[in-house]
Structures are given as C-alpha cells and as structure tokens.
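Let's take a walk through a protein model together. Have the picture ready and follow along at your own pace.

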Amino acid sequence: MRIGIIGLGNMAAAMIGGMLGKGLVKPQDIIGSCRTVATAEKVKARFQISVAESNAKAAEAAQLLILAVKPGVIFQAAREIREAAAPGTLVVSVAAGISLSRLKEAFGRPDLKYVRCMPNMPALVMEGCTGICAGEEVTEEELGRVTELMESFGKAYVVPERLMDVVVSVSGSAPAYVFMLIEAMADGAVAGGMPRKQAYEFAAQAVLGSARMVLDTGIHPGELKDMVCSPGGTTIQAVKVLEEKGLRAAVMSAMEVCRKASEELQG
C-alpha cells in the first residue's frame, strides 16, 4: 500500500519513524509533501522516502492518505488534494477537533473513506497513545490497517467518535498535565537541596515507572497507591496534603474544560 503524508512536521516524522522501524512499510512505500522545501529535504534525507512537488501529487500516488497538518490549514489542504485522490482512497486525519463530518464536508467526496485519529506528543519518542474512529464506509480490514500503523509509535485504541473529545482530555492534552507534575516535583526536590538536573531525572523516572506499573500489572491505581502508603509513613502524609489541596478535583475539572474546548472546536 502506498502511503501519502501531507505535512512533514514532528508528528509526521514520528509516524514515519514508527512505521519504518516496525517494518510495516518500506521507504519507497511513502510519499510526502509539505510547504517548505527545507523540511521536505530534511525528512527525505532522514528516512529515504519520496517527496512530491505538491500536495496534489502526493495524494494522487497514495492509497492511504495521512493528513498530518494543523486544524487551521486542513481545509486548505483538502481543497488542494480532493480532486487528485483516487476513488476509495483512505483519508486519515490527525488534526485535533476536526470531526468526521467536517472532514467529509471539506473533501466533498463521498467516494473516499475517512478515519479520524488523535495521537499525542509522546509519539515523538515512540510512546504515543492514539484514539481512532472511522466512518461507516471504512471496512474492518482498513480500520485494522490504520490501527496497526498508529500502534507503530505507541498504543492505539478504536473508540466511538462521541468519545474523541474525551480522548483529547485524557491523552491528547494530558502530557502537559504530566509535565507540570514533573516540574512541580522537581521544584520540591530542589527546595530540599537536590541539583535541578538530578531532580528532573528522579521525578521523570518516578512518573515513567509508575505508569509502567499501571500498564504492566493491571492493578488498580488506587490499590498501587495504597501499596506505597505504609501506616504512619511518609507517603500517606504527602497524600493527605494532596487530597487537602484538591489534586483529584483539579485534574478532573481541568479535563472537563479541555473536553468542552475540544467540542467547541467542532462547531
């Protein structure tokens, strides 16, 4: 299958690296395009893929077309390529807040097939988490192929489109919450006398290891928390303060605002 990629920024590079690294495709199977020659040449040299002279040329050559562009330019990109795409082309958008209905409207092509994906920033280090939903015209085999491609740079899960705004709040935007937590933990360590670089390493590794325990053991996060909190120990005192300061409520409220903002993007 020939894969076309419109936009060759960081997310596209993560996808290409994952797909090639897992051996799902070969460099000659990918043709990309973007607005700047310098970026195109950089990606071409890094991955040895083909680069088209225009978005339309990339679309023309593709059976699966990934739109790795910002939401603000996706409609312009659609106008440039909608006549070039062959009937039956699988169009995969990774633009936040662009619903399947708006994607179909932008192309105005009922003979194309549409999939919406929401990856997140850790895809850049092959630890992404991607939510996927598809139009009714997409077959199980095609959806499986898209899921396999998205899993090449992390985890991927198929969800109903009604949950895609929740995916934004719990995954797409979530790295920012975690970065804030790591920064706060490091600040606390620095206040206790630890050098900042070392503090970031301790805090980041603690978050990484804790997340791995949730995923690998299948134990409920609350139970894992209880395992750390010894009776009369240091951890339960810290947890008490976090509860008093409303950590859970703050996170849940932030996610609610995030979800609503995602819903508003779709109009």
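What follows is a tour of a pocket, the cysteines and a few salt bridges.

Before we set off, keep in mind that this is a predicted model. Our starting point is the second largest pocket, with a volume of about 860 Å³. Which residues sit closest to its centre? They are M11, A68, V69, K70 and P71, and they belong to a lining of 32 residues. Three elements each give two or more residues to that lining: α1 (10-21), α4 (74-81) and α7 (164-172). Sorted by class, the lining holds 18 nonpolar residues, 11 polar ones and three charged ones.

Next, the cysteines. How many disulfides does the structure hold? The count is zero. Two cysteines are still worth finding in the picture. C34 has 24% relative accessibility, so it counts as partly exposed. C229, on the other hand, is buried, because its relative accessible area is 13% and the cut-off for buried is under 20%.

Now for the charged pairs. The structure has 13 salt bridges, and we'll stop at a few of them. Take R116 and E161, whose side chains meet in a salt bridge with N and O 3.0 Å apart. Where do these two residues lie? R116 is in strand β6 (residues 113-118), while E161 is in the loop between β8 (154-158) and α7, so the pair ties together parts that are 45 residues apart in sequence. You've met α7 already, as one of the elements that help line the second largest pocket. The two partners also sit in unlike surroundings: R116 is buried, with a relative accessible area of 3%, whereas E161 is partly exposed at 29%.

A second pair to look for is R109 and D111. Their salt bridge has its closest N and O atoms 2.7 Å apart. Is R109 buried or exposed? At 12% relative accessibility, R109 counts as buried. Its partner D111 comes out as partly exposed, at 34%.

Our last stop is the salt bridge between K225 and D226, where the closest N and O atoms are 2.9 Å apart. Here K225 is partly exposed, with a relative accessible area of 31%. D226 falls into the partly exposed class too, because its relative accessibility is 47% and a residue has to be over 50% to count as exposed.

Definitions and conventions:
Residues numbered from 1 in each chain as written. Predicted model: local features only at pLDDT ≥ 70, side-chain atom pairs only at ≥ 80, totals over all residues. Heavy atoms only, no water. 1 Å grid on protein atoms, 1.4 Å probe; cavity = no way out; pocket = protein on both sides within 12 Å on 5 of 7 lines; lining within 4 Å. Points joined across faces, edges and corners; volume = space filled by probe spheres on them. Helix = DSSP H or I, 4+ residues; strand = E, 2+ residues; numbered from the N terminus. Nonpolar A, V, L, I, M, F, W, Y, C, P; charged D, E, K, R; others polar. Disulfide = S-S within 2.5 Å. Buried < 20%, exposed > 50% of the residue type's maximum accessible area, 1.4 Å probe, protein only. Salt bridge = Lys/Arg side-chain N within 4 Å of Asp/Glu carboxyl O.
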